[in-house]
Amino acid sequence: MTDSLQLGDGASVRPLEAGDAPGVLELIEQNRAHLDKWLRWSARVRALSDVTALIARFEAKQAAGDGFHWGIWQQERLAGGVICHYINRGDLNAELGYWLAADQTGRGLATRATACAVEHLLRQEQLHRIEMICGVANTRSRAVAERLGFTNEGVRRESYWITDRFADHVVYGLLAREWRRDQAPAEL
Ligand SMILES: CC(C)(COP(=O)(O)OP(=O)(O)OC[C@H]1O[C@@H](n2cnc3c(N)ncnc32)[C@H](O)[C@@H]1OP(=O)(O)O)[C@@H](O)C(=O)NCCC(=O)NCCS
């Protein structure tokens, strides 16, 4: 996917490009505590060169069919992103994650953008299974997975280093046959 996809209510997603780097860095800096508490990667993003490298890595992944990092826009304003960390073509599975600026939460942007990514991975890419890995205490993130019909498959103990500690994570899984179009928000 290279064009914007509309999510309804003036929201859209499209792959992040090099020109988005200053906006991404500004958003991360403005939301440092909110994001670093839960994300695996934001604490390592400190300079424009870090964001440029991050975007380039995901552009290369997308070109190779290995993943993507879409920006989420509300009108013209960057609000956050939805990340496909990898696509495993052998086993037909992938992992998704998401992030928003604190002042863009509470409107369904993460749920709608993630539904769009799930739809893309299951329909266009013909995958069999999608995973989301949410901090045990990250109730808002877990609510996104549950809202989209993902199943809680258990806890992976001390599974990722998050900023300054190993954290326990819930593995959420969704199989292609479990995805119903009506689980996605009506706007999609
Ligand atoms: C995780 C995170 C993206 C969730 O944000 P969020 O705003 O709770 O999630 P959504 O954008 O899907 O919004 C859901 C809320 O909007 C409401 N909403 C409004 N319109 C909606 C719609 N069309 N569809 C779904 N929900 C909608 C929901 O009822 C819900 O409200 P509630 O919080 O009062 O229950 C955000 O907290 C975040 O960025 N956290 C830091 C980074 C992080 O933890 N990332 C996940 C790592 S695993």
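**Exercise 1.** How do the residues of the shell around the ligand divide into nonpolar, polar and charged?

*Solution.* Keep in mind that you're looking at a predicted model. Start with the nonpolar residues of the shell: there are 11. Next come 8 polar ones, and then 3 charged ones.

**Exercise 2.** Which residues come nearest to the ligand, and which elements give two or more residues to its shell?

*Solution.* Take the 22 residues around the ligand and pick out the nearest: Trp38, Thr105, Gly108, Ala110 and Thr111. Now look at the elements: helix 2 (32-36), strand 5, helix 4 (109-124) and helix 5 each give two or more residues to the shell.

**Exercise 3.** Trace the sheet from one edge to the other.

*Solution.* Go through the 8 strands in the order 1-2-3-4-5-6-8-7; they make an open sheet with mixed pairing. At the edges sit strand 1 (5-8) and strand 7 (151-162), each pairing on one side only. Ignoring direction, neighbouring strands are turned by 30° against each other on average.

**Exercise 4.** Zoom in on strands 5 and 6. In which sense do they pair, and over how many bridges?

*Solution.* Strand 5 (residues 93-100) runs parallel to strand 6 (residues 129-135), and 4 bridges link the pair. For one example, find Leu96: its bridge partner in strand 6 is Met132. Then add helix 5 (residues 139-147), which packs on the sheet and touches strand 5, strand 6 and strand 8 (165-175). The direction of helix 5 makes about 160° with that of strand 6.

**Exercise 5.** Which strands does helix 3 lie across?

*Solution.* Find helix 3 at residues 48-64. Helix 3 lies across strand 2 (11-15) and strand 3 (68-74), at about 115° to strand 3.

Technical notes. Residues numbered from 1 in each chain as written. Predicted model: local features only at pLDDT ≥ 70, side-chain atom pairs only at ≥ 80, totals over all residues. Pairing = 2+ DSSP bridges. Axes fitted to C-alpha atoms, helices over the stretch in contact; angles between N-to-C directions. Contact = placed C-beta atoms within 7 Å. Near = placed C-beta within 6 Å. Nonpolar A, V, L, I, M, F, W, Y, C, P; charged D, E, K, R; others polar.
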